[in-house]
Amino acid sequence: MKINRFMIAAPKSGSGKTMITCALLQLLKDSGKNVLSYKCGPDYIDPMFHKKVLGVPSKNLDTFFTDEKTTVQLFLDERADGDFAVLEGVMGLYDGLGGIYEQGSSYHLAKVTQTPIILVVDAKGMGKSVLALIAGFLQYDTHHLIKGVLLNRMSKGYYDIIKPLIEKELSVKVVGYFPEQKDIGLSSRHLGLVMPDELSDIKKQLNETADRLKKTIDMDLFIDIAEAADEISDSENADVYNEKNIGNCDQNEFSQNKTINTVNIAVAMDEAFCFYYEDNLKLLEKCGAKLQYFSPIHDTKLPKDCDAMLLGGGYPELYAKELSKNVSMLNAIKKAFIAGMPTVAECGGFMYLHTYIRNICDDNDEKKNADKRNNTDIQNDVNKSQLVGALDGGCHFKGKLVRFGYIELAEKHSNFLPPNEKIKAHEFHYYDSTDNGADCIATKPATGRSYDCVISHDNYWLGFPHLYYPSNPHFAESLVRKAYEYRRNKNGKLL
């Protein structure tokens with residue numbers, strides 16, 4: 001399959017990858033290309049910015065979550081010859097598992113998908129030293145994937161001087177520069193960038209960034225680099241959701257028997273809950289589920305005739321007061337949970353099921369009161385908000401990362417996974433629970449360190465880890481099967 005493509009990568013985080021990527025997506029879209037986007041790694045927020053530009057979901061690709069073959073299949077799924085793909089890297093180009101391994105790095109993904117790399121270098125405060133930086137990255141590029149360099153936060157005057165020097169001494173194309181933009185930019189908080197829907201003028205900012213970037217880059221050179229990318233074999237039909245990969249999903253009665261209605265999974269989706277991997281949702285659909293989106297903030301009840309709940313991650317701490325005031329929804333979710341409705345809750349969704357959560361106002365408040373919060377008796381804290389109450393205890397801000405990074409999860413007793421199988425996940429949270437669970441063993445792949453986590457039983461899986469279903473599709477299959485059984489038991493017959 002011939003997909004035109006390049007990856008936007010950088011020497012380190014904070015180099016401007018997301019703004020540059022979004023601007024390029026806008027320019028390519030304006031030129032009439034059928035543009036697709038991907039995010040390397042487990043990040044949820046950057047794909048939201050991609051979607052804000054393109055109007056279609058962006059997908060995550062991660063060579064820790066999936067092996068090389070499956071990663072390529074996910075990349076090619078539902079793609080066609082002539083599509084134009086932009087991949088946004090994660091952290092520094094060579095930063096992978098544990099910070100030292102290739103697996104999980106932007107470079108590994110570029111190598112696996114045979115994608116040319118445009119290296120975005122934050123050159124502010126640098127002179128000729130930028131050549132040494134670029135030279136080092138080129139030396140590590142054993143597969144010769146770096147095809148261009150973009151100099152971020154550089155003036156036109158110095159760009160005109162340094163560009164020919166870079167191209168002469170390092171034999172790499174300089175595709176343009178981008179002056180420092182003091183009036184536009186993306187702010188951050190404790191889990192990454194502020195989400196796009198929180199920025200009232202985000203479309204204006206992205207369009208303005210694209211207009212400015214267009215004046216300082218060689219767009220034709222970007223397109224030439226993308227079009228020179230090699231074809232990728234799709235001999236395996238590029239379908240990670242095929243029968244072989246998803247176990248017995250397609251053999252299940254509720255998936256094969258066309259006279260049976262599909263099961264309905266209620267998926268929390270609003271300002272507070274919006275961290276979902278696109279391929280997780282798609283896998284649930286492939287296994288026979290219909291996804292019914294609802295808002296724990298704005299709706300007063302669960303979707304009609306739902307058979308399971310999926311409560312994803314997000315920022316419930318920022319909307320704790322609004323969530324607490326929606327008593328009708330809190331009661332509906334607690335009632336469904338107690339009745340045995342199959343439930344998967346990850347990170348923010350897990351926090352939401354607790355009895356209470358400590359309120360926070362904004363990032364400044366977090367930083368200012370972090371130490372105070374750590375030493376406060378939470379039970380007496382007047383700022384806590386009452387939530388669902390399906391789980392005893394509460395969640396509170398720790399003032400620092402509690403858990404961060406990749407893990408592999410194994411159940412102590414087989415429930416959602418077949419015996420002796422694991423699913424891969426990622427943790428990134430500043431809050432902690434009074435009870436994180438002990439039904440699974442999490443293992444850090446780089447160090448082998450392990451710890452207990454997750455509250456899991458016949459019909460629920462609750463915890464801080466964000467799961468990536470394609471790393472073990474049996475998990476999605478199990479959730480759909482449990483939803484089917486719940487529906488059958490609830491109604492006494494199939495609807």
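# Salt bridges, strand pairing and cavities in a predicted model

Q: What separation along helix α6 lies between D160 and K156?
A: D160 and K156 both belong to helix α6 (residues 156-170), where they are four residues apart. In this predicted model, their side chains meet in a salt bridge with an N to O distance of 2.9 Å. D160 is partly exposed at 44% relative accessibility. Because the two positions are four residues apart in the helix, the separation is about one helical turn.

Q: Which residues are joined into one network by salt bridges that share partners?
A: The D160 and K156 side chains form a salt bridge at 2.9 Å. Elsewhere, salt bridges with shared partners create one network, and its members are D122, K124, R153 and E180.

Q: How many salt bridges does a search of the whole structure find?
A: Side chains of opposite charge can pair when their charged atoms come close. One such pair here is E102 with K111, whose closest N and O atoms are 2.8 Å apart. Over the whole structure, the search gives a total of 20 salt bridges.

Q: How far apart in sequence are the parts that the pair K39 and E88 ties together?
A: K39 and E88 form a salt bridge in which the closest N and O atoms are 3.5 Å apart. K39 lies in strand β2 (residues 35-40) and E88 in strand β4 (residues 84-88), so the parts tied together are separated in sequence by 49 residues.

Q: Are K39 and E88 buried or exposed?
A: The cut-off for a buried residue is under 20% relative accessible area. K39 has a relative accessibility of 3%, and E88 has 0%. K39 therefore counts as buried, and E88 likewise counts as buried.

Q: Which class of accessibility applies to E102 and K111, the partners in a salt bridge at 2.8 Å?
A: The class between buried (under 20%) and exposed (over 50%) is termed partly exposed. E102 has a relative accessible area of 35%, while K111 stands at 24%. E102 is therefore partly exposed, and K111 is also partly exposed.

Q: How many of the residues of β4 are buried?
A: Both faces of this strand are covered. On one side F84, V86 and E88 are buried, and on the other A85 and L87 are buried. β4 is thus mostly covered, the buried count being five of its five residues.

Q: Which residue of β4 is the bridge partner of Y38?
A: β2 and β4 run parallel and are joined by five bridges. On another side of the pairing pattern, strand β1 (residues 4-9) also pairs with β4 in the parallel sense over five bridges, and M7 stands opposite L87. The partner of Y38 in β4 is L87.

Q: Which residue in β23 is the bridge partner of C440?
A: Strand β22 (residues 440-443) runs antiparallel to strand β19 (residues 403-411), with four bridges between them, and E411 has C440 as its partner in β22. β22 also pairs with strand β23 (residues 450-453) in the antiparallel sense over four bridges. In β23, the partner of C440 is C453.

Q: Which residue in the hairpin of β22 and β23 takes a positive phi near 80 degrees?
A: β22 and β23 form an antiparallel pair. Their hairpin has six residues between the strands, and the residue with the positive phi is G448.

Q: What is the phi of C347?
A: Most residues other than glycine have a negative phi, and most peptide bonds are trans. C347 is found in the loop between β15 (343-346) and α13 (348-352), and counts as buried at 5% relative accessibility. Its phi is positive, near 50 degrees.

Q: With which side chain does the side chain of Q181 make a polar contact at 2.5 Å?
A: Q181 lies in the loop between β7 (173-178) and β8 (188-189), and counts as buried at 19% relative accessibility. A polar atom of its side chain lies 2.6 Å from the backbone oxygen of P179. The side-chain partner at 2.5 Å is R212.

Q: What is the volume of the second largest cavity?
A: The structure holds three cavities of 30 Å³ or more. The second largest is lined by Y44, F275, Y276, Y277, N280, L310, E346 and Y469, which divide into six nonpolar, one polar and one charged. The volume of this cavity is about 40 Å³.

How values were computed: Residues are numbered from 1 along each chain as its sequence is written. This is a predicted model: local features need pLDDT of at least 70, side-chain atom pairs count only at pLDDT 80 or more; totals for chains, interfaces and linings use all residues. Side-chain values use heavy atoms; hydrogens and water are left out. A salt bridge is a side-chain nitrogen of Lys or Arg within 4 Å of a carboxyl oxygen of Asp or Glu. Buried means under 20% relative accessible area, exposed over 50%, partly exposed in between (1.4 Å probe, protein chains only). A polar contact is a pair of N or O atoms within 3.5 Å; within protein, one must be able to donate a hydrogen and the other to accept it, and residues adjacent in sequence count only if both atoms are side-chain atoms. Two strands pair if DSSP finds at least two bridges between them. On a 1 Å grid over the protein atoms alone, a cavity is a set of points where a 1.4 Å probe fits but cannot get out, and a pocket is an open set with protein on both sides within 12 Å along at least five of seven lines; lining residues have an atom within 4 Å of a point. Grid points are joined across faces, edges and corners, and a volume is the space filled by probe spheres set on the points. Ala, Val, Leu, Ile, Met, Phe, Trp, Tyr, Cys and Pro count as nonpolar, Asp, Glu, Lys and Arg as charged, and the others, Gly among them, as polar.
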